[in-house]
Amino acid sequence: MPSAAQEVSQAKALLGWGENDPRYSNWRNGVKGWARTNGITGKRQAGNALWAQFKTYAQQETGLPASGIALIQNGSGPIKRAAETALDKILQDVLKKARDTEHVQFGGTNAPGRNADKNTDDGFQKPVRLFLIDPTRGAEVQDNASGEYRWDEVPSNCVAILRSASLLEIVDKIRERIPAGRKVRAIYGALDNPNPPNAIPPATCLQSDEEVQAFLELSSAKPIRIQVILYRDPNLVPLVADSSPSDDGPYFAADFLDAVEEYMDPAEDSDSLSRNLAGFAKRTFPRTREGFEERKLKIRMRIKRQKRALRAMKRQEQVKFPGEVIYDSGSEEWGIIQDLQPRPANGREMILARGPATAGIVVTQAMLRPNPAALPPGRENKQHTMLD
């Protein structure tokens, strides 16, 4: 019999994730943040309704492979059930590991990692001090002796509360201080306090949301200190090139941490109020080519589901009201309804619009049919024959 860890590994493989798949890390952080925001710690604690919302959100979160979504939403009976069970098992594993992380004890009040307090009832919150490092400011941000960037007495700094353990959340908290057109090159976190105050503490480069989460748990600095380092101004004359990374990690791509662009999905977000009340995050455009392709696949699958649902709805309406004509979107009647001003906005208005649509068809046909009295002698019968 497979162990719990093996079952989770098999579930991931079924939904399309490979070993150490970075898509899974991104997806896991997203669903974990949603669960934290909505107070979900386990399936039984959440209840059926909230757990169903959680699973719906998990299918929309970037990082779930399109093949896994297809199995969950479009698979045949046994395959669909297996995929849904796999998603259920993975979500429970994510929550279990989150609980285990929060319950780790770090020792006394001054022990390293004591900043990893339990999350509040309102969700994740972590107070930090952020330092914006603009290399063009020279000695204002750089220690002359060591050449390292300063961790205190930097002109542009602020305190903030992180609501999620992510790179983008860090940058968003200090974004208004970033000069127009400048990009984030690297983010560093201090693992301990500067001692003495103007010293350079041990620090680590943060390159993923998972590393941010680990850093916030492990850092013994009080307050937690984070440097946000910018690329040099490309408009300076003479141009000064950025130095090479001090470790084996590359710098961020210039647009990697730009502010996210949000968009609406008309098929899924038609009732934005209900979506907000349910706690769903706003939709944001992907940041990678793979992300765009994956999101497009999801949208296409939703379009197919909507078309199937529309066909099923029409069939059921015809069964319920056998004497009524069901308008197709390409029909002449439907075209007339769509041209009405104002356009029908609900079911009752659609029913009332059928009268003008039918009348419009009758009027149009009458206009196309020639007046027999206006035809030359001998043409009337010929015209009727052509129309018949």
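Here is a short tour of a predicted model, with stops at a helix pair, an enclosed helix and two cysteines.

**Stop one: α2 and α7.** Select residues 22-37 for helix α2 and residues 209-218 for helix α7. Their axes come within 9 Å and cross at roughly 55°. The two helices are therefore oblique to each other. Now bring up the side chains: on the α2 half of the contact, pick Ser25, Arg28, Asn29 and Lys32, and on the α7 half, pick Asp209, Glu210 and Gln213. Colour them by residue class and you'll get three polar, four charged and no nonpolar residues in this contact.

**Stop two: α6.** Keep α7 on screen and add residues 167-174, which make up helix α6. How many of the eight residues of α6 are buried? Six are, so this helix is largely enclosed by the rest of the structure. To see them, select Leu167, Leu168, Glu169, Ile170, Val171 and Ile174; yes, Glu169 is among the buried ones.

What do the buried residues of α6 pack against? Show the strands β1 (126-133), β2 (157-162), β3 (184-190) and β5 (224-230), and you have the partners, together with α7 from the previous stop.

**Stop three: two cysteines.** Go to Cys158, which counts as buried at 10% relative accessibility. Then jump to Cys205, also buried, with a relative accessible area of 15%. Both values fall under the 20% cut-off, so both residues get that label. If you're hunting for disulfides, you can stop here: with sulfur pairs required to lie within 2.5 Å, the count comes to zero.

Terms used. Residues numbered from 1 in each chain as written. Predicted model: local features only at pLDDT ≥ 70, side-chain atom pairs only at ≥ 80, totals over all residues. Heavy atoms only, no water. Buried < 20%, exposed > 50% of the residue type's maximum accessible area, 1.4 Å probe, protein only. Axes fitted to C-alpha atoms, helices over the stretch in contact; angles between N-to-C directions. Helix = DSSP H or I, 4+ residues; strand = E, 2+ residues; numbered from the N terminus. Parallel < 35°, antiparallel > 145°, perpendicular 65-115°, else oblique. Contact = heavy atoms within 4.5 Å. Nonpolar A, V, L, I, M, F, W, Y, C, P; charged D, E, K, R; others polar.
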